[in-house]
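Please open the structure in your viewer and keep the sequence panel beside it, since this tour will ask you to select a few places one after another. Take your time at each stop before you move on.

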Amino acid sequence: MGNRHFFDRPQGLTVAEIIALTGAESTQVAPASLLIKSVAPVDLAGPTDLTFVDGNKFADALAVTRAGACLMPKRFADRAPSGVIVL
């Protein structure tokens, strides 16, 4: 009983893999090899997290997110900080 985990945790997905799995598009030259390790809320996300914004409720939080990548409708793309990969 040395291992307390039932399953191995995945190492993450690259931005290119997320694009392939979701069918998302990026309007910017995205570093496709960036490894995204987790999913987090837009206001708590860090540089290796994927987050999403799908409505006006969290659109203001997008302006200050530290996420590595964010899935969102095109209408919110101009609100994302320059370091966030917009998908």
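**Starting in the sheet**

Begin by selecting Cys 70, and then look across to strand E6, where Val 86 stands opposite it. Keep in mind throughout that what you are viewing is a predicted model. The strands E5 and E6 pair in the parallel sense, and two bridges link them.

Now widen the selection to the sheet around this pair, which is an open sheet of four strands in the order E3-E4-E5-E6, with parallel pairing. At its edges you will find strand E3 (38-39) and E6, each of which pairs on one side only.

Walk across the sheet from the E3 edge, where E3 and strand E4 (residues 49-52) pair in the parallel sense over two bridges. Select Val 39 here, and you will find that its bridge partner in E4 is Leu 50. The next step takes you from E4 to E5, which run parallel and are joined by three bridges. To see one place where these two strands face each other, select Phe 52, which stands opposite Leu 71 in E5.

**A residue inside strand E5**

Stay in strand E5 and select Ala 69. Is Ala 69 buried or exposed? With a relative accessible area of 0%, Ala 69 is buried, because a residue counts as buried when this value is under 20%. Next, add Ile 85 to the selection: although Ala 69 and Ile 85 are 16 residues apart along the chain, their C-alpha atoms are separated by 4.4 Å. If you set aside the neighbours within four places in sequence, Ala 69 is in contact with Ile 36, Asp 49, Leu 50, Thr 51, Val 84, Ile 85 and Leu 87.

**The loop before E5**

Move to Thr 65, which you will find in the loop between H2 and E5. Thr 65 is buried too, with a relative accessible area of 6%. Show the side chain of Thr 65 and follow it to the backbone nitrogen of Ala 67, which it reaches at 3.3 Å. Beyond its neighbours within four places in sequence, Thr 65 is in contact with several residues, including Val 42, Pro 81 and Val 84.

**The salt bridge**

How many salt bridges does a search of the whole structure find? The search finds one, and to see it you should select Arg 79 together with Asp 60, whose closest N and O atoms are 3.8 Å apart. Arg 79 lies in the loop between strand E5 (69-71) and strand E6 (85-86), while Asp 60 lies in helix H2 (residues 59-62), so the pair ties together parts that are 19 residues apart in sequence. Side chains of opposite charge can pair when their charged atoms come close. Turn on the surface here and compare the two partners: Arg 79 counts as partly exposed at 36% relative accessibility, whereas Asp 60 is exposed, with a relative accessible area of 64%.

**Stepping back**

Finally, clear the selection and colour the whole chain by secondary structure, which shows two helices and six strands. Followed from the N terminus on, these elements run β-α-β-β-β-α-β-β. The chain has 87 residues, of which 33% count as buried, and it exposes about 6,200 Å², with carbon and sulfur atoms supplying 57% of that area. Among contacts between residues at least 6 apart in sequence, 21% join residues at least 24 apart.

How values were computed. Residues numbered from 1 in each chain as written. Predicted model: local features only at pLDDT ≥ 70, side-chain atom pairs only at ≥ 80, totals over all residues. Heavy atoms only, no water. Salt bridge = Lys/Arg side-chain N within 4 Å of Asp/Glu carboxyl O. Buried < 20%, exposed > 50% of the residue type's maximum accessible area, 1.4 Å probe, protein only. Pairing = 2+ DSSP bridges. Contact = heavy atoms within 4.5 Å. Polar contact = N/O pair within 3.5 Å; in protein donor to acceptor, adjacent residues only side chain to side chain. Areas by Shrake-Rupley, 256 points an atom, 1.4 Å probe, with all protein chains shown as cover.
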